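Here are my notes for your read-through. Please keep the structure open beside them.

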Amino acid sequence: MQLPFVTLFLFGMAGFAASPALDYGRDVRPILAENCFHCHGQDASKRLADLRLDTFAGATADRKGHAALAPGKPDASALYQRITSDEKARRMPPVSSNRTLTGEQVAILKRWIAEGGTYSKHWAFTPPVRPDTPITANKSWPKQPLDAFVLHRLEAEGLRPSAEAAPGAWLRRVSLDLTGLPPTPEEIEAFVKSVRSTGEAAYKSAVARLLDSPRFGERMAMDWLDVARYADTHGFNNDSARSMWRWRDWVIQSFNANLPYDKFITEQLAGDLLPNATLDQRIATGFGRNHVINSEGGIIEEEYRVEYVSDRVRTLGMAWLGITLECARCHDHKYDPISQRDHYRFYAFFNNVSELGEDGRVANAAPMIAAPTAEQQRRMKELEAAISTAGHRDVKWVDNATGGKAHDSAVLGIHCDTAEEGVKLSEGIVGAGCQLDGASAKPMTKSMPVSKRDGMTFSIWVKPAQEDTDVPLLSAMDYARNPASVTYGAGIELRLVGGELEFRFAQRFPAYSMRVRSEGAKVEAGKWRQLTLVYSGIQDKSSMRAEAAWVRTFVDGQEIETRVLNDGLGVPDEKSKPTPTKFRIGWDTGGAHFTGQFDEIGTWTRALTPDEISGEFESAAKFYLRPDPRITKLRGDLLALKRSFPTVMVMDELATPRQTHILMRGGYNAPGEKVEPGVPEDLLGAWPVGAPKNRLGLAQWLTKPDHPLTSRVVVNRFWQQLFGQGLVKTSENFGVQGESPSHPELLDYLARDFVDSGWDVKRLVSQIVLSATYRQSSATTPELTARDPENRLLARGPRFRLPAEVLRDQALQLAGLLKHEIGGPSVHPYQPAELYKGIVVAADYPGTNWIESKGDDLYRRSLYTFWKRTAPHPTMTVFDAPDREFCIVRRSSTNTPLQALTLLNDPIFVEASRKLAERAILQGGKSAEARIEYAFRLATGREADAQEMKILTETLRKMLTAYAADAAGANALLKVGASTSNSAIPAHELAAYTAVTSMILNLDEVITKG
């Protein structure tokens, strides 16, 4: 420490005696947090010398007649004495900490102590209060209330706002921000004309049109997918495919419908806990399941289940609290007043999902639900109405008193004619029936070939006893092994669970299994029912997994619905052979026994047809209902439709909640004190009166109108989306280590206004884009850039490179290639053929091979591109999109040569250049100048100036000459991409124009929002 410098600096500070007192949160806490709190903060386990400096009580505590802080007396304060000590061993921070206070920081601390050493709560932990609108000298500039806050700061800094952007430039800016797509020249022309005639009304009308566009939801969803860590694969080693696109559809739909943001939060956190939760509300909880899931063999289940729960806590903190809750997983937070106990009380809210630690090897991980699309729901209602209308007019009772034997063609047929070992005879459905002869009885069938690839049918008549609530009927699964074994529960089984028929087919149970349960069988004790299960087997030889949709269940000859519990069964390759398999009749290796009666067991190595199944039933039943064939057909269509429904992983609650403990040092196997769900009420506000202590209550707490963080964090992210950075630059961290807001009163105004509006997202966005602040020109001067390089003072309009998705979508739109279908499964556009080689696990899991899409799917919006965590699409990665392994609220922004190379050489950009060239030639006019002007105006939204036209026309002339002499090169260029070239245009001419339009698409003005 150079004390002479400090002395001089302090002497210079004398001139500030009349200035306002220091603000602890703004001026002092950051210094202490950076240099002192690590050893003298709230983390008791790391605290040294039993000294605490993060609280007034701790800093002023008596230490044998002395105190670290003596208010008003710097020289008597040990804090000041130690930071200015000449003795190296006594000086703080210690040399070993690699921290050093500057002379300015020392002066600030001395002045703070002299002013009384007061502490105050961090600004972000106090509820936002609507501030008075400031009075500004310039009365005419503000167009929205928020503008007054910006202008007040500019005037205080001696600055003036920039001129208003030209109408066309503003329309391009707002169109890209609200839809992710540029406006057409016709839209710009109409808007400019409207501005001249109607003025401000034209701006409002344009914003209303954009907010009403279905493209709005897609653009808003792009940013939210980063926050929600959405991907189409599970991550980790195998990184196989999952199906969460129905949740992505919900996000788009929610933004388009302007779902109030408090509901947007609530439904994603706890939609399943809402009264009479709808399908959409349950789908919304997929937010909590978007985390990575490990399917690597040999992992410790509980270790990774703990990781999933911890991820939800981290995501909650970053997405809606703007604080780093994960820092308190292993110890008390070093900087923010969040204790380890606080972390695990948050953890307790998310600890009750019926999930597995190891899952997702070939498909979605449990729990999951069927998630039909809107069109599938419409068709389902049609069929249900038709069935209801048909009624039971032609249902007939058939008396077949003699009954008879069935399944003559079965591979295995057991009729209970004679008593076998372990079986005793009783009255059956056809003659005698069977019953296990005590708990030690272990009858088995003869062997039959079983394959995951081939069809099978199982049929059995059962008359369960009262105690048969979860028992095997036919079992070839091994439950005797250690549950941690990689083959625990391997095999195949039919089971009676709660009166329903459950089919299990597993490599390892339950993670790598197919588990399908009937719905509506309602098998009652003491009554005979025939249960039949059909497994259709593989239909497409390229399939990498067995699918639960291959399973159908029948009761008394009639098909009923099924519910998928697990759908994670892989299939062997085509060379595999069926395994000879014997089935245990009514018992399994886990000790369960079926105590009721059974009869007429049949198995087939093919999938029986519904007619064959009803025939099997009718041949044995003494009397039965024969339904109208029209109803049977309608029900068959309905059930086939339901089997085709996509699934989505969701949140649920265990019937018996797990106990939650503080995990010492964050270790899954080191439980400490037991904790209950809860929040740091002293810090962030009281729990809502009457709210349940579950995820729904947590959502209600987050959306309390006076919550200090939620609304601030949310409006800051919307501001960041529109201006390139938030009013709080560190949008991921509103804590003491984050940056203070550039305009704190503006942030509080927006937060308070947002809540008071009913959490109206479209209203908030409209206010911002219609503001004078947003409408400023993005042009700058050397002086302004030097004064405010990051535009924190907002003296000019936003200017930054477009996000990865928007860059690609814009090129497709300008080329006329973009397809505007909303929602649906992810697609696979162009990608280097061997990108996955040496990167992606070389196993036949879904998602390990990139099968390029065909037709329109090549040209869908980038939002729908298949997102593989271990190897995201390279175009997205080059332009700074994250891998989405974790919640990200602020993308990095880089500028690399690879980005320029991508824009010039990526097949999608080359193809877009070619199709844009075709548009220019066919629609732009007869002359080269007119065509170039047309392409330029499409891309930039304005006319090219003379210098720009000179460069572009000269380039075209050179390219025409070059390609006229290089027919092979021209033809090679025109073959890039799946779309065909217009054969009516000479190849050398189209190639030359393609080179020019590629230049246009690479203009800084085109790839930048300005």
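How many residues lie between S10 and S11 in their hairpin? Three residues separate the two strands there. Bear in mind throughout that this is a predicted model.

1. **S10 and S11.** Strand S11 covers residues 512–519. S10 and S11 run antiparallel and are joined by six bridges. To check the register, find Arg 504. Its bridge partner in S11 is Arg 515.

2. **S9 and S10.** Strand S9 covers residues 491–497. S9 also pairs with S10 in the antiparallel sense, over seven bridges. Here the register can be read from Leu 494, which stands opposite Phe 503 in S10. S9 and S10 form a hairpin too, with two residues between them. Look at Gly 498 in that turn: its phi is positive, about 55 degrees.

3. **Cover over S10.** Is S10 mostly covered or mostly open? Strand S10, residues 500–508, is mostly covered, with eight of its nine residues buried. When you inspect the strand, remember that side chains in a regular strand alternate between the two faces of the sheet.

4. **Helix H34, length.** H34 takes in residues 987–1001. Why does its length agree with expectation? The expected rise is 1.5 Å a residue, so the 15 residues should span 21 Å, and the end C-alpha atoms are indeed 21 Å apart.

5. **Helix H34, burial.** H34 is mostly covered: 11 of its 15 residues are buried. The buried set includes charged and polar names as well as others; among them are Glu 989, Tyr 993, Thr 994, Thr 997 and Ser 998. Leu 990, Val 996, Ile 1000 and Leu 1001 are also buried. As a guide to reading such a list, an α-helix has 3.6 residues a turn, so residues three or four places apart point the same way.

6. **Thr 233.** This residue is in the loop between helix H11 (214–227) and helix H12 (245–256). Is Thr 233 buried or exposed? Thr 233 is buried, because its relative accessible area is 0%, and the cut-off for buried is under 20%. Its side chain makes a polar contact with the side chain of Asp 239, at 2.6 Å. Beyond neighbours within four places in sequence, Thr 233 is in contact with residues including Ser 240, Arg 242, Phe 866, Trp 867 and Arg 869.

7. **Lys 442.** Lys 442 sits in the loop between strand S5 (432–436) and strand S6 (448–450). Lys 442 counts as exposed because its relative accessibility is 52%, and exposed means over 50%. Pro 71 is 371 residues away from Lys 442 along the chain, and their C-alpha atoms are separated by 84 Å.

Definitions and conventions:
Residues are numbered from 1 along each chain as its sequence is written. This is a predicted model: local features need pLDDT of at least 70, side-chain atom pairs count only at pLDDT 80 or more; totals for chains, interfaces and linings use all residues. Side-chain values use heavy atoms; hydrogens and water are left out. Buried means under 20% relative accessible area, exposed over 50%, partly exposed in between (1.4 Å probe, protein chains only). Helices (H or I, at least four residues) and strands (E, at least two) are DSSP runs, numbered from the N terminus. Two strands pair if DSSP finds at least two bridges between them. The expected span of a helix is 1.5 Å times one less than its number of residues. A polar contact is a pair of N or O atoms within 3.5 Å; within protein, one must be able to donate a hydrogen and the other to accept it, and residues adjacent in sequence count only if both atoms are side-chain atoms. Contact means heavy atoms within 4.5 Å.
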